[in-house]
Number of protein chains: 2
Amino acid sequence: MTYDLVVIGAGPGGFDCAVEAAHYGLKVALVEKDVLGGTCLNRGCIPTKLWLGATSAIEELHNQAKVKVASGEVVVDFTALQARVQKHLTGTRKAMAMQLKKLGIDLVEGLGSLGETGVVSVETSDGEQQLAYKKLVIATGSKPTFFPGIEPDGDCVLDSDMFLNQEAMPESLIIVGAGFIGLEMAQVAHRFGAKITVIDAMDRVAPLEDPEISKGLQSIFKRWKWDMRLDSRVSGVKTVDGKAQLTLFDGEKIIADKALVAIGRGPVTQGIGLEEKGIELLFHQIQVNEYMEAAPNIYAIGDANGQIQLAHAASHQAQYVAAHAAGKISTPYVSGPVPSVLYGAPEVMRVGALENEAYLMDFETCEVSRAQLAANPMAQAHAFTQGFVKVVWSGGKVVGITAVGHDVSRLVTAATMIVNQGWTADDIHSIIFSHPSLDESLLMALKTERTKIQ
Amino acid sequence: MTYDLVVIGAGPGGFDCAVEAAHYGLKVALVEKDVLGGTCLNRGCIPTKLWLGATSAIEELHNQAKVKVASGEVVVDFTALQARVQKHLTGTRKAMAMQLKKLGIDLVEGLGSLGETGVVSVETSDGEQQLAYKKLVIATGSKPTFFPGIEPDGDCVLDSDMFLNQEAMPESLIIVGAGFIGLEMAQVAHRFGAKITVIDAMDRVAPLEDPEISKGLQSIFKRWKWDMRLDSRVSGVKTVDGKAQLTLFDGEKIIADKALVAIGRGPVTQGIGLEEKGIELLFHQIQVNEYMEAAPNIYAIGDANGQIQLAHAASHQAQYVAAHAAGKISTPYVSGPVPSVLYGAPEVMRVGALENEAYLMDFETCEVSRAQLAANPMAQAHAFTQGFVKVVWSGGKVVGITAVGHDVSRLVTAATMIVNQGWTADDIHSIIFSHPSLDESLLMALKTERTKIQ
């Protein structure tokens, strides 16, 4: 038997691709070496969101206590929380497996690699299995990356996978790498009372974001008494006497119960026969054309192609590839604006172009407009009023929106639609924004006077 | 001097109309008999949201405690909260007054009424003042209504204004009228530990919503052990021996510390000379044409015209009327879909047509699709998984969206855009929804199989 489609990797990209292809009537096999759901479900976004949700009362109480409206104590039982996370993950994986079964998708458990042309061989627990395919999708995802001297040892130096599997939260924590992964986990540890040190080689946190966003985050973290070591290079971190001991380039040592190294993630593309099949890799990223093809009849999606490391980007690519493989679409892939979110309190949202990107595209018509959250009654209600919404315009159209502050993730879908549709000033009145709502801060930012970027 | 525009009433409609008109270069006077901000700011949405925000940790803790992840206690100091509310209101009114001053709008404090043609007379503390106008906007808002036997006495029987001005939360509370106002306030009292009884003459809570939404709310309130007296008619409620004593038509008596009567609001349109000027009133609502005109050169907006009792609807009408009065627009007023939100936990959101409305419009092509929140990781993270999103379709286009459950207010702006744009199935893929997000439950509801309404 030859499958219409074989998918390697059952993360958000691979799983959604298999499901979508089955909906199109294709006969599909899905190959997975570990468990269904990939990093996002099992070792990433989902467990972190469960942690953030379970501890949100701590942060809400803290904010109301600061304005002397509330008092008391919220204690989160980390062991119970971890059990709840596992229960949720197990349940979700079970539902996913049932969905595969219902759709007639064959789940093949084992490490898949490219064999002879048109065949994937899978090392299953029952020996090697050969899957003949007409089309193949590589959705092998990514894993944490490190440089020499800061590799996790699983003792006191952890990567994000190990951090999520801890049995207790440390009382002090060093975060190496101030990207979204590190900052979300640091927020959770902070809520559990951990003393936080954040170290980044860049001169600001969330270095992929608008510099004003980084500044907004830093001002909040400083109020929380986080030790912010920016523009600081790490020469090494290791376990010494049951503690994480980090050494900076200048020789200074920082000691904490644990260190979380979250400096980035890289594609999982080695040792599965890709290069042997003529598939081009650049920094381990599978190079694809505008149809997401890495080679004839072979697609690569999600973190494996290195274009955008976000679960929803992988899912969106997956849906396109399923349609393309089923012959339902022949035009090149267009993602449209891809939103990104840092959850917690504060949150960050971004979609579309940053100010500097818009400036490079067309500096003559590039403008920005802003609204502070301080004026918003919902931010006031939650006693968390730091932050702002910023809109980037080019040629009189909205090309980017970003925000930092309380609950700003709620702006993300409307913002994605506005950027995708390239709203002009006239379009703003087409929609009634509910009052009161945090969403009105987006409306304010859209309506307020714009300034030209210098 | 003759004003280009005189506005009576400085609530969300009147205030926004004055500001917008001044932006168009009109010379504007704003007449207000009480304080800036109207019901919404001073006696309605804003204080309620500040109450809900300040007590949200109680609800978050409660939900995590139910799944045995968290324990502890959150105590909200009601006196401190009330002081914070007053501080916020004062600050907001001050900012509004400054905005008026900056824009050169004359604030005239006193009761305005229609005098001779083209003149508003205002009873100020310095005597009567005559304001000559070219155009007039009536934005006098609304106030709670009652029927004989259930009038508030300010002692133990309260209207929403009195309820918001309490010095302490009652330990037991009867809510007469299960609309959004009553249900939001009941949620706050519940968080403070009050025993809640809800009474409505209709057979369900939130009777303006989809019956499934009402059912969703009721199931949650029942779990909270609220005493739900639906399909129950009240013959009277009064203060007896320092308690609120309510009598049902069947003679049963219900006693609680306080009773909140929130059965509806009616326009404030009496005694200001409207009828004498030939302005038509129907059930006290000012009748307007498609340009929001009640008579030549006289507009009526917001709750006073009785079309939609929502602050953002008033603001939207205000912006239209300012543009119309300034000669910037001559086409009839079109509101587009008007969103409505019940805040709290659970929340409700609705925009566009309900199922039964769509069925009446075109029963042949009317369909619905649904997604449960239980599958959503954000609902799971907050341990509040009851609820759903429901999409109503007509002729293959989205004509309505409603939802009940944790944090569903965050869907409202995207939903308003989708209904306004009349999305078809094909449009769904134009936007990437962030993962994980509660917004994905809206995506699920849009994508899932539709059923024809029988």
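**Exercise 1. Determine how far helix H12 (residues 412-421) of chain B is enclosed, and what its buried residues pack against.**

Solution. The model is a predicted one, in which local features need pLDDT of at least 70, side-chain atom pairs count only at pLDDT 80 or more, and totals for chains, interfaces and linings use all residues. Residues are numbered from 1 along each chain as its sequence is written, chains are lettered from A and ligands numbered from 1 in the order in which they are written, and side-chain values use heavy atoms, with hydrogens and water left out.

Step 1 concerns burial, where buried means under 20% relative accessible area, exposed means over 50%, and partly exposed lies in between (1.4 Å probe, protein chains only). Helices (H or I, at least four residues) and strands (E, at least two) are DSSP runs, numbered from the N terminus. Eight of the 10 residues of H12(B) are buried, so this helix is largely enclosed by the rest of the structure; they are Val412(B), Thr413(B), Ala414(B), Ala415(B), Thr416(B), Met417(B), Ile418(B) and Val419(B).

Step 2 concerns the surroundings, with contact meaning heavy atoms within 4.5 Å. From chain A, helix H12 (412-421) and helix H13 (439-447) pack against the buried residues of H12(B), and from chain B the partners are strand E22 (340-342), strand E23 (347-352), strand E26 (397-405) and helix H13 (439-447).

Step 3 looks just past the end of H12(B), where Gly422(B) takes a positive phi of about 55°.

**Exercise 2. Establish the strand order of the sheet of chain B that contains E22, and find which helices lie on it.**

Solution. Step 1 is the order: two strands pair if DSSP finds at least two bridges between them, and six strands form an open, antiparallel sheet in the order E22-E23-E26-E25-E24-E27 (chain B). E22 and strand E27 (451-452) of chain B stand at the edges with a single partner strand each, so one side of each is left without a neighbour in the sheet.

Step 2 takes the pairing at one edge, where strand E24 (residues 367-372) of chain B and E27(B) are joined antiparallel over two bridges, with Val368(B) opposite Thr451(B).

Step 3 adds the helices, for which axes are lines fitted to C-alpha atoms (for helices over the stretch in contact) and angles run from 0 to 180 degrees between N-to-C directions. H7(B) packs on the sheet by touching E22 and E23 of chain B, and its direction makes about 30° with that of E22(B). Helix H8 (residues 211-223) of chain B lies across E22, E23, E24, strand E25 (387-394) and E26 of chain B, at about 10° to E26(B).

**Exercise 3. Describe the setting of strand E10 (residues 172-176) of chain B.**

Solution. Step 1 is burial: five of the five residues of E10(B) are buried, with Ser172(B), Ile174(B) and Val176(B) on one side and Leu173(B) and Ile175(B) on the other.

Step 2 is pairing. E10(B) runs parallel to strand E11 (residues 195-199) of chain B over five bridges and parallel to strand E16 (residues 258-261) of chain B over four bridges. Ile175(B) has Val198(B) as its bridge partner in E11(B) and Leu260(B) in E16(B).

Step 3 is the connection, since E10(B), helix H7 (residues 180-191) of chain B and E11(B) make a right-handed β-α-β unit; right-handed here means that, with the strands pointing away from the viewer, the path from the first strand over the helix to the second runs clockwise.

**Exercise 4. Characterise the packing of H1(A) with H9(A), and of H4(A) with H4(B).**

Solution. Step 1 treats helix H1 (residues 12-23) and helix H9 (residues 311-325) of chain A, whose axes come within 8 Å and cross at roughly 30°. That makes H1(A) roughly parallel to H9(A), on a scale where angles under 35 degrees count as roughly parallel, over 145 as roughly antiparallel, 65 to 115 as roughly perpendicular and the rest as oblique. Their crossing is right-handed, the near helix being turned clockwise from the far one by less than a right angle, whereas an anticlockwise turn is left-handed.

Step 2 treats helix H4 (residues 56-66) of chain A and helix H4 (residues 56-66) of chain B, which pack at about 160° with their axes 8 Å apart. That makes H4(A) roughly antiparallel to H4(B), and the crossing is left-handed. Ser56(A), Ala57(A), Glu60(A) and Leu61(A) meet Ser56(B), Ala57(B), Glu60(B) and Leu61(B).
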